[in-house]
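Biologist: Please take a close look at the ligand for me, starting with what surrounds it. After that, work outward to the rest of the chain.

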Amino acid sequence: MSKKILVWFRNDLRLHDNEMLVEAIAKADEILPVYIFDPRHFEHSRYHTIKTGATRAQFLLESVASIRESFQKFGGDILIAQGKPEDLLPKLVAEYEITEVYHHREVASEETAVSTHVEDLLWKQKVNLKHFIGHTLYNKEDLPFPIKDIPDVFAQFKKKTERDAIVKPCFLTPEKINFVNVAAWGELPMLNELIVNEELPTLNENSEFRGGEQEAFKHLHDFLHTGEDMALSNASLKKNEVVSKLSAWLALGCLSPREVYWKMKEAEASYGLKPYFNQIVLGLLWRDYYRFMFKKYRNTFFKPAGFTSNLKSLPQVDNDLLQAWKNGNTGQPLVDAMMYELNTTGYLTNAARQLVATYLVYELGLSWVMGAAYFEEKLIDYNPASNWGNWANIAGVGNDQRLTNSFNFEKLLKIVDPKGLYSQAVRA
Ligand SMILES: Cc1cc2nc3c(=O)[nH]c(=O)nc-3n(C[C@H](O)[C@H](O)[C@H](O)COP(=O)(O)OP(=O)(O)OC[C@H]3O[C@@H](n4cnc5c(N)ncnc54)[C@H](O)[C@@H]3O)c2cc1C
């Protein structure tokens, strides 16, 4: 019997630097790529927000369409279905006589629970679910400490990791793929089939964020090109002005963090300009840090009290104030301009996220989890670890003691918009 491996794609929608795909192609006679739109990802959260809002759902649809196109160029396709993976995968395994299933490991509880459920069901069919690690810059095996001993203070994590761990080279993009024979690969759903019973907003047709691996490469190339131009003209930027806007592609795995890292290192070797290229590497380290912290502490980041055991009472929920913050109607011009940008594009710079989050927690006195849940709905680059981890630290209930009490609205205001120009520009 021929060996057939089902490659279950989730937040790893790329062909480059994809160990799971490379190994499946090497070990199987034929592979069956699968993407499943899970309706639970589009449900309401307990905070009356939608888990995936329209902007990110659209970006996801574009990213799945893009990987489909890539597989079609190899003479195959990706099987697309809607439903719960634990219902669909065992059926696909039986129907296509699959011998093994590959997927990438996630860290947040809902995703790991689904994996465990699938693993149990496949085990009954005597089929193994193999886990891969492909979301981080550093593999956990290559860190200088086991997960339970990873320093809680980011500065220590960074120092020791950069000193003692290595970033592996990227896996090569496949050149040939043999696919399982499939009669109907399935249609890509429409946006209103994913988000049901909701009025969909009009999406920005000129968005600079288009999903998919090829778009990610274009964006990465543009960032590197800007760096080259700056180096040639001896230009410089302040640290918080360096933004790559790569986060949405990184979040869905259209872009591998290692690919970004090695491109930054190559560019730095060619053009110098370390403060520019290294700022992105620093961001990737923050991203790894929150992911490893999620692995270490699991659900603690989702709890309103976070890591504090002595929080006496939680802030009240004032729906009018919360709604004003969400709609960009607080009366604070910069916060309002940024919330407008979040609502229309799904993207904010890190400094802008810190500013609106600090405003919600310390100026409006609202519960941080309400803000985090709203970000979960609206962000185009949402990932559980980066979102809930950053929010918890801003709210002073995180695990990095050095970040506790370090967020001050007035200070941030001066850093983000010293001349008060931002709010005028965004509204114009
Ligand atoms: C309240 C709050 C919520 C956030 N929620 C998310 C989220 O859901 N998803 C997300 O990807 N990032 C989140 N971040 C982190 C950060 O703001 C974004 O990653 C960054 O603004 C994305 O823009 P960029 O790609 O231009 O980043 P760059 O500055 O160009 O950085 C390069 C990459 O590094 C990573 N990165 C940078 N800063 C951070 C950080 N502080 N924490 C984690 N990763 C970082 C991102 O993947 C980013 O694409 C959040 C930050 C705050 C303060």
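**Around the ligand**

Modeller: Let's start with D381, where a backbone N or O atom sits 2.9 Å from a nitrogen atom of the ligand. Keep in mind that this is a predicted model, in which local features need pLDDT of at least 70 and side-chain atom pairs count only at pLDDT 80 or more, while totals for chains, interfaces and linings use all residues. Residues are numbered from 1 along each chain as its sequence is written, and side-chain values use heavy atoms, with hydrogens and water left out.

The backbone turns up again at N383, with an N or O atom 3.2 Å from a ligand oxygen. L246 likewise has a polar backbone atom 3.0 Å from an oxygen of the ligand. These are polar contacts, meaning pairs of N or O atoms within 3.5 Å; within protein, one atom must be able to donate a hydrogen and the other to accept it, and sequence neighbours count only if both atoms are side-chain atoms. Stepping back, 28 residues are around the ligand, and S244, K245, Y347, N350 and D381 come nearest; a residue is near if one of its heavy atoms lies within 4 Å.

How does that fit the domain layout? An automatic or database assignment gives domain 1 (1-134), domain 2 (214-299) and domain 3 (313-427). The C-alpha centres of domains 1 and 3 are 33 Å apart, and 12 residues of domain 1 are in contact with 14 of domain 3, contact being heavy atoms within 4.5 Å. Together they bury about 1,100 Å², with 62% of it from carbon and sulfur atoms; that is the accessible area (1.4 Å probe) lost on putting the two parts together, summed over both. On the domain 1 side, Y47, T55 and R56 supply 52% of the area buried against domain 3, more than any other three residues.

As for polar links, four residue pairs are in polar contact between domain 1 and domain 3 (both at pLDDT 80 or more), but zero salt bridges cross that interface. A salt bridge here means a side-chain nitrogen of Lys or Arg within 4 Å of a carboxyl oxygen of Asp or Glu.

Elsewhere you do get them: the whole structure has 21 salt bridges. One example pairs D142 with K168, with the closest N and O atoms 2.9 Å apart.
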